[in-house]
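This briefing is meant to be read with the sequence and the coordinates side by side. Please keep both in view while working through the points.

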Amino acid sequence: MFTHPAQFEPLQPDFQHRKLDELRERCATLVERAQRLAGMAHPVTRTELRELLRAMNSYYSNRIEGQGTHPLNIQRALARDFSERPDVARLQRIAVAHLDAERELEARVAAGDSPTTMAFLIDAHRALYSRLAPQDRLTDDGLPIEPGALRNREVEVGRHVPPAAAALPAFLARLDQVFGKLPPGERLLLPVACLHQRAAWVHPFLDGNGRALRLQTHAALWRLSDGLWSVNRGLARRRADYYDHLAAADAARRGDLDGRGNLSEAALRDWCDFFLGICEDQVGFMTRLLDLDAMKTRMQALLSFRAAHDKNIRMEALAPLHYVFAAGPVTRGEFAQMTGLKERTARALLSRLLTTGLLRSDTPLGPVRLGLPLDALQFLLPDLYPEAATQPD
């Protein structure tokens with residue numbers, strides 16, 4: 001039984017190790033690519049995309065836990081339309097709670113809170129579970145999950161036995177010493193990776209550790225990601241690898257050449273390499289999706305498909321749709337004019353685009369902006385959220 005913080009050292013790899021030079025170079029390149037990504041598309045389009053990714057994060061966090069919630073069911077839950085099936089409705093409520101918790105935590109980061117403190121991790125747990133009714137926050141054994149409460153009993157997680165409950169404050173205090181205040185930019189990435197793994201090793205809550213940790217990691221990377229890419233998606237799509245790498249980094253020191261702590265420094269470096277690879281993959285993926293020329297090609301394919309099945313959709317919508325993606329909202333008159341169609345035909349097209357969700361507007365006569373409905377994602381953002389193109393069971 002682990003009872004002293006010295007037993008989970010090292011918390012970070014030795015930054016003098018030659019392997020870390022390669023990882024730091026990758027971090028610098030990743031930050032540059034993420035900053036370029038944050039400037040792609042119009043800010044209003046990026047806001048629309050963030051809301052889509054927020055729902056996607058909720059979906060993928062549930063999926064990592066082995067509890068799939070179909071994207072359409074999440075969309076229905078946001079409209080307060082819950083399934084009559086109790087198991088589906090429960091997962092819908094968890095998904096909505098995750099969305100709201102993510103918004104709350106992002107706002108705290110924007111207000112200046114440090115997302116890498118243990119207080120923030122505890123608040124991430126509280127932000128999620130306090131939004132759920134008691135019947136929705138039970139462990140698999142039927143025990144209640146108290147929002148933000150540290151566990152008061154001993155547990156086993158697979159083959160790992162986390163620290164004794166009585167020793168949790170000491171372990172969390174040590175995590176705060178190392179990770180409580182982190183520098184921005186490229187120097188943030190590797191410590192966030194280490195924090196995610198070592199906090200999972202501590203297992204501070206009776207249940208909900210993974211969900212809370214992923215919320216914290218999302219918030220810790222918020223200023224870098226700008227909400228335009230998600231480590232959750234990457235982890236979920238490599239779920240088995242994610243769990244395997246987390247567990248592998250729990251390994252004991254492998255000899256005199258494996259650092260100076262009780263746990264393996266080499267295994268922790270391998271975890272950092274995996275985590276950084278996930279981030280690189282997601283930034284590259286979103287950069288390709290938001291490329292202007294590629295987006296125009298995909299919009300053309302979408303309109304061609306819909307025009308073949310809907311006489312009110314016309315290819316003349318391509319130029320103005322691509323324009324609002326790149327340049328932001330326009331008036332309805334401007335959109336109609338850009339189609340080159342006669343006024344009556346253009347307005348009918350505009351109306352149909354609004355009805356189908358490809359355009360959105362906050363008021364009946366207000367400016368229009370690009371919409372990202374679930375049934376269009378297989379064309380506009382292929383592979384981002386492929387489950388959205390299917391129907392729930």
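The notes below cover the cores, one helix, the cysteines and some local backbone features.

This is a predicted model, in which local features need pLDDT of at least 70 and side-chain atom pairs count only at pLDDT 80 or more, while totals for chains, interfaces and linings use all residues. Residues are numbered from 1 along each chain as its sequence is written, and side-chain values use heavy atoms, with hydrogens and water left out.

**Nonpolar cores**

- The largest nonpolar core (a set of buried Ala, Val, Leu, Ile, Met, Phe, Trp, Tyr and Cys residues joined through side-chain atoms within 4.5 Å) holds 101 residues, and those with the most contacts inside it are L175, W271, L381, L384 and Y385.
- Helix α12, residues 265-289, gives the most to this core, with 12 residues; helices (H or I, at least four residues) and strands (E, at least two) are DSSP runs, numbered from the N terminus.
- A second, separate core has 16 residues, including F120, A127, L132 and L215.
- When neighbours within four places in sequence are left aside, L381 is in contact (heavy atoms within 4.5 Å) with L49, L52, L289, M295, R298 and L372.

**Helix α13**

- Helix α13 runs over residues 292-309, and its 18 residues reach 26 Å from first to last C-alpha, close to the 26 Å expected at 1.5 Å a residue, where the expected span is 1.5 Å times one less than the number of residues.
- The buried residues of α13 are M295, R298, M299, L302, L303 and R306, with buried meaning under 20% relative accessible area, exposed over 50% and partly exposed in between (1.4 Å probe, protein chains only).
- These buried residues lie on the same side of α13 because they cover an arc of only 140 degrees around the axis, the arc being that of the directions from the helix axis to the C-beta atoms.
- On the other side of α13, D293, T297 and A308 are exposed.
- The partners against which the buried residues of α13 pack are α12, α14 (318-327), α16 (343-356), β2 (369-370) and α17 (377-380).
- At the start of α13, the backbone nitrogen of D293 has a side-chain oxygen of D291 within 3.3 Å.

**Cysteines**

- The whole structure contains 0 disulfides, a disulfide being a pair of cysteine sulfur atoms within 2.5 Å.
- The sulfur of C27 has its closest cysteine sulfur in C272, 8.5 Å away, so the two are too far apart for a bond.
- C279 is likewise in no disulfide, its nearest cysteine sulfur being that of C27 at 8.5 Å.
- C27 is buried, with a relative accessible area of 1%, and C279 also counts as buried, at 0% relative accessibility.

**The loop at F82**

- F82 sits in the loop between α3 (71-78) and α4 (86-110), where its 26% relative accessibility makes it partly exposed.
- Not counting residues up to four places away in sequence, F82 touches A77, A89, Q92 and R93.

**Backbone geometry**

- E9 and P10 are joined by a cis peptide bond with omega of about 0 degrees, and P10 belongs to the segment before α1 (18-38).
- A41, which is not a glycine, has a positive phi of about 70 degrees; A41 lies in the loop between α1 and α2 (43-64) and counts as buried at 17% relative accessibility.
- D383, found in the segment after α17, is a residue other than glycine with a positive phi, near 75 degrees.

Key
A polar contact is a pair of N or O atoms within 3.5 Å; within protein, one must be able to donate a hydrogen and the other to accept it, and residues adjacent in sequence count only if both atoms are side-chain atoms.
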